[in-house]
Amino acid sequence: MKDDFRQSDDGVVPGKSPNAPTKGAEGMEGKPSAKGNAVQPAMPRTQSRANGMEAALERIRQAVERDKEAKFTALYHHVCNPDHLREGYFHLKRQAAPGVDGETWQHYGQDLESNLQDLSGRLVRGAYWASPVRRVYIPKADGRQRPLGIPALEDKIVQWVTAQIFSTIWEAEFMGFSYGFRPGRNPHNALDALTVGITQKRVNWVLDADIRGFYDAISHEWLVKFVEHRVGDKRIVRLIQKWLKAGVLEEGSWTPSEEGTPQGGLISPILANIYLHYVFDLWAHQWRKQKARGDVILVRFADDFVVGFEHRAEAEQFQGDLTERTGKFNLELHADKTRLIEFGRFAATNHQRRGEGKPETFNFLGFTHICGRTRKGYFTVKRQTMQKRMRAKVQAVKRELRRRLHQPIPQQGAWLRLVLLGHFRYYGVPMNSPALNQFRYLVMGVWKRALERRSQTGRVPWERMYRLARTWLPNPRICHPYPSQRLVV
């Protein structure tokens, strides 16, 4: 197997550059040459919960800053530290579903110190074994089922500590256009970067790409090689391999894992970011520098990414090269969901001239992106709630209202108020007010039908529903600034 995941053809590792010339964009970051192992001071045996893990991560962060190519050979003692394991325990969700061990957060905490000391001792002796993940399925917006893995409680604790260490090591190396599962970054940062990139760069074509079953297709062999690029501690590597090989337990049947990492594990997001960092990010940035003559923008959130191009020929070449690149690392672009569309400031004019109607749209992180115009006639990217996501959410509200059918109206109204506020907090972006109003009206409609199901007359007048809506259903509001304003801040 050829080790081409890191170096470019000329042996130069690409730096980082922003997509758009904004004050909030990241500048170029050089890559100094490797200088050997980082100096890592030993961590004191006794540290308080308040600063134990934080202090250890800060020392790792300082070592990364001194040498961004450092290969860490002494990390395992951080994972075994009972204080760090305790912090991991308290960062878990209290009401999360138990794994195959049936252990809950509350029960484990009844004898917490003894349990953590035992877990730490097994980690030190090498007697710790990862349990299979329990597989459950959650509904997707398109009606299909998404598999979700639920690790055992102790696996979650150890994975949380390991994920914090990995995130600290790789955070300085991750590219500026990568936004998923990184500290200080969220989906709206990615959405804003994409909008600003399309409006401020010369983007005429957009590649909306989708990787088929990404989390299930990750190659264990390649993933371990990527981890070993920065982690020289063999005990940490073996820990990762234990989780990857633990397998899946579904309806009492155990299935071994030859590839993939289950969604739901606390270590999965950072491992997925590491995998795509070497498979896609470094390669795509190098391609942009070496082969593109026009503008190219890149935005990735987890396994969902969008690439914008100035020239169609370069977009088609990139798509072909990307298909070849992903194939080398056991990944495949979804043929039905990967599209190259004309999109940008001239798309509407070109489509009208050819008699083709409006330009195509694309979906990213729950929003449909549309070529639009401001009131002054300037080109802009309109972002509207995906209709499929909205319908799925309304159906979920309908199902929950059936379960709450006989609750008092104030109790139902208080719950619906939280649902709408949460929806507005995510989808409340500029120019999306019509979709927000539509969602509120649809929720009011399913509430009306739910109330009619328990009414003796079987009818609730709309006048009464409007009174209830004024009391309990908040009006839509825009919670996010315009993309250019947020990036400047």
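## Close-up views of a predicted model

**View 1. A nonpolar patch on the surface.** Y441, L442, W462 and Y466 together make a nonpolar surface patch of about 380 Å². Two elements each give two or more residues to this patch: helix α16, spanning 433–453, and helix α17, spanning 462–472. If you would like one residue to start from, try Y466, which lies in helix α17. Y466 has a relative accessibility of 40%, so it counts as partly exposed. Please keep in mind that this model is predicted, here and in every view that follows.

**View 2. The whole chain, for orientation.** Before we zoom in again, here is the setting. The chain holds 18 helices and 11 strands. Of its 489 residues, 51% are buried. The chain exposes about 23700 Å², and 49% of that area is supplied by carbon and sulfur atoms. How far apart in sequence are the residues that touch? Taking contacts between residues at least 6 apart in sequence, 73% join residues at least 24 apart.

**View 3. An open sheet of four strands.** In which order do the strands of this sheet stand? Reading across, the order is β6-β7-β3-β8, and the pairing is antiparallel. The edges are taken by β6 (296–301) and β8 (339–342); each has a single partner strand, so one side of each is left without a neighbour in the sheet. On average, neighbouring strands of this sheet are turned by 15 degrees against each other, direction ignored. Helix α7, residues 187–200, packs on the sheet and touches β3, β6 and β7 (304–309). The direction of α7 makes about 165 degrees with that of β6.

**View 4. Strand β3 and its two partners.** Let us now follow β3, which covers residues 205–210. Towards β8, strand β3 pairs in the antiparallel sense over 4 bridges. Two residue pairs are good places to look: L207 has L340 of β8 as its bridge partner, and V206 has I341 of β8. Towards β7, β3 is joined by 6 bridges, and these two strands also run antiparallel. Here A209 has F305 of β7 as its bridge partner. As you move from residue to residue, it helps to recall that in a regular strand the side chains alternate between the two faces of the sheet. Is β3 enclosed or open to the outside, and why? Because 5 of its 6 residues are buried, β3 is largely enclosed by the rest of the structure.

**View 5. A salt bridge within helix α5.** Side chains of opposite charge can pair when their charged atoms come close. The side chains of R122 and D118 meet in a salt bridge, with 2.9 Å from N to O. Both residues belong to helix α5 (residues 112–125), where R122 and D118 sit 4 residues apart, about one turn of the helix. Are the two ends of this pair buried or exposed? R122 has a relative accessibility of 17% and therefore counts as buried, whereas D118, with a relative accessible area of 41%, is partly exposed.

**View 6. A pair with a buried acid.** R235 and D233 bring their side chains together in a salt bridge of 3.3 Å, N to O. The arginine, R235, is partly exposed, with a relative accessible area of 38%. Its partner D233 has a relative accessibility of 3% and so counts as buried.

**View 7. A buried pair in helix α16, and a network.** Our last stop returns to helix α16, home to K448 and E452. K448 forms a salt bridge with E452, and their closest N and O atoms are 2.6 Å apart. Within the helix, K448 and E452 are 4 residues apart, about one turn. Which class of burial does each partner fall into? Residues under 20% relative accessible area are called buried. K448, at 11% relative accessibility, therefore counts as buried, and E452, at 18%, counts as buried too. Elsewhere, D83, R86 and E113 are joined into one network by salt bridges that share partners. For the full tally, the count comes to 23 salt bridges.

Note on methods. Residues numbered from 1 in each chain as written. Predicted model: local features only at pLDDT ≥ 70, side-chain atom pairs only at ≥ 80, totals over all residues. Heavy atoms only, no water. Patch = residues over 30% accessible without salt bridge, like charges linked within 9 Å, V, L, I, M, F, W, Y side chains within 5 Å. Areas by Shrake-Rupley, 256 points an atom, 1.4 Å probe, with all protein chains shown as cover. Salt bridge = Lys/Arg side-chain N within 4 Å of Asp/Glu carboxyl O. Buried < 20%, exposed > 50% of the residue type's maximum accessible area, 1.4 Å probe, protein only. Contact = heavy atoms within 4.5 Å. Pairing = 2+ DSSP bridges. Axes fitted to C-alpha atoms, helices over the stretch in contact; angles between N-to-C directions.
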